[in-house]
Amino acid sequence: MCTLEKRGKLFILTLTGEDQHRFNPDLISSLLDLLSQVKAQATCGSVLITQAQGKFFSYGFDLDWAQAAGSERGAAKRLQDMADLFKPVIATLLSLPMPTIAAITGHAVAAGFTLALSHDYLIMRKDRGILWMPEVDIAVTLPDYINALFKEKIGDASVRRDLFLRGLKMKGDEAEKRGVVKAAYDGEAEVREASVCLAENLGKRKWHGEVYAEIRKGLYPQLSAILGLSHKVYAIARL
């Protein structure tokens, strides 16, 4: 379902296989386990890249698994369970003591888009793949932590309106132009290369990981509060 590779101080987390990488309890548990390993092995100069194989970065929650409950009420409960289980993934990424990069080489939809946006930097393809929040189309409301994530990560209210209230399918060029992603490139190889290059440059700065994480949490106070993340003060002079 997902693997973790360590190249020096660079961690590469990959959603494996050619499927849609939909989040169900098993995949969410695997993600949390690997992120815990990343956190435990972090040192100054560490950087995380999250990527996926195939046509999809992730198509969001596993709705087939939810509907397999056999009733509308059962499906709704399973969907809520997935949202609750996914919340610690976002909390872990927000508190991870290193820079994080999402290398988006395919469609990032709903919770898949949320996962990508939980990283510090998003790098995307121009030639294939969309960012899409389809909840308005499928009549599903959003958890509070996802609303807070988008509000604090995407400052332009018109972008959030188009994503949430129009169900806009945003391609790489538009995502770059509107400030949702750092950059968009022509193909998969270019995205992966740019992600590694950015990671190596960030890693050279050798920032103190815990300080980095606390500064990040301070940038997104509403999200941090909803996720239950406390904010610590560090005073480490390195000048």
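Okay, so let's start inside, with the largest cavity. Its lining counts 14 residues, and the ones nearest its centre are Gly 45, Ser 46, Pro 99, Lys 206 and Trp 207. Bear in mind that this is a predicted model. The volume of this largest cavity comes out at about 60 Å³. Two helices, α9 (188–203) and α10 (209–219), each put at least two residues into its lining. If you sort that lining by class, you get 7 nonpolar, 6 polar and 1 charged.

How many cavities of 30 Å³ or more does the structure hold? There are 2 of them. The second largest cavity has a volume of about 30 Å³. Around it you'll find Leu 13, Leu 31, Leu 35, Thr 50, Val 89, Leu 93, Leu 115 and His 119. Here α1 (25–41) and α3 are the elements to look at, each giving at least two residues to the lining. This lining is 6 nonpolar and 2 polar, with no charged residues.

Let me stay with Trp 207 for a moment, since we just met it by the largest cavity. Trp 207 has a partner, Tyr 212: the ring centres are 5.7 Å apart and the planes sit at 25 degrees, so we call the pair stacked. Now, are the two buried or partly exposed? Trp 207 is partly exposed, at 30% relative accessible area, while Tyr 212 counts as buried, at 18%.

That brings us to the aromatics in general. Searching the whole structure turns up 7 aromatic pairs. One that I'd like you to find on screen is Phe 113 with Phe 150, an edge-to-face pair with 5.0 Å from centre to centre and 85 degrees between the planes. Why is this pair worth a look? Phe 113 belongs to helix α4 and Phe 150 to helix α6, so the pair ties together parts that are 37 residues apart in sequence. Phe 113 is buried, with a relative accessibility of 0%, and Phe 150 is buried as well, also at 0%.

There is also a cluster: Phe 23, Phe 61 and Phe 86 are linked by ring pairs. Keep Phe 61 in mind, please.

Some rings have a charge sitting over them. Arg 78 is over the face of Trp 65, 4.3 Å from the ring centre. Over at Trp 132, it's Lys 169 that lies over the face, at 4.4 Å from the ring centre.

Okay, on to the pockets. The largest pocket encloses about 420 Å³ of space. It has 25 lining residues, and closest to its centre are Phe 61, Leu 79, Glu 135, Ile 138 and Val 140. So there's Phe 61 again, the one from the ring cluster. Which elements give two or more residues to this lining? They are α3 (72–94), α4 (111–117), α5 (135–138) and α6 (144–153). Of these, α3 contributes the largest share, with 5 residues. We also met α4 and α6 a minute ago, as the helices that hold Phe 113 and Phe 150. As for the character of the lining, it splits into 18 nonpolar, 4 polar and 3 charged residues.

Then there's the second largest pocket, with a volume of about 160 Å³. Its lining is Leu 117, His 119, Asp 120, Tyr 121, Leu 122, Glu 152, Lys 153, Gly 179, Val 180, Val 181, Lys 182 and Tyr 220. You may recognise His 119, which also lines the second largest cavity. At least two residues each come from β7 (121–125) and α6. By class, that lining has 6 nonpolar, 2 polar and 4 charged residues.

Last topic, the cysteines. How many disulfides does a search of the whole structure find? The count is 0. For anyone new to the term, a disulfide is a covalent bond between the sulfur atoms of two cysteines. While you're looking, Cys 44 is partly exposed, at 34% relative accessible area. Cys 197 is partly exposed too, with 41%.

And if you want somewhere to begin on your own, go back to Trp 207, nearest the centre of the largest cavity along with Gly 45, Ser 46, Pro 99 and Lys 206, and then follow its stacked partner Tyr 212.

Notes
Residues are numbered from 1 along each chain as its sequence is written. This is a predicted model: local features need pLDDT of at least 70, side-chain atom pairs count only at pLDDT 80 or more; totals for chains, interfaces and linings use all residues. Side-chain values use heavy atoms; hydrogens and water are left out. On a 1 Å grid over the protein atoms alone, a cavity is a set of points where a 1.4 Å probe fits but cannot get out, and a pocket is an open set with protein on both sides within 12 Å along at least five of seven lines; lining residues have an atom within 4 Å of a point. Grid points are joined across faces, edges and corners, and a volume is the space filled by probe spheres set on the points. Helices (H or I, at least four residues) and strands (E, at least two) are DSSP runs, numbered from the N terminus. Ala, Val, Leu, Ile, Met, Phe, Trp, Tyr, Cys and Pro count as nonpolar, Asp, Glu, Lys and Arg as charged, and the others, Gly among them, as polar. Rings of Phe, Tyr and Trp (its six-membered ring) pair if their centres lie within 6.5 Å; planes under 30 degrees apart count as stacked, over 60 as edge-to-face and the rest as tilted. Buried means under 20% relative accessible area, exposed over 50%, partly exposed in between (1.4 Å probe, protein chains only). A charge sits over a ring if NZ of Lys or CZ of Arg is within 6 Å of the ring centre and within 35 degrees of the ring normal. A disulfide is a pair of cysteine sulfur atoms within 2.5 Å.
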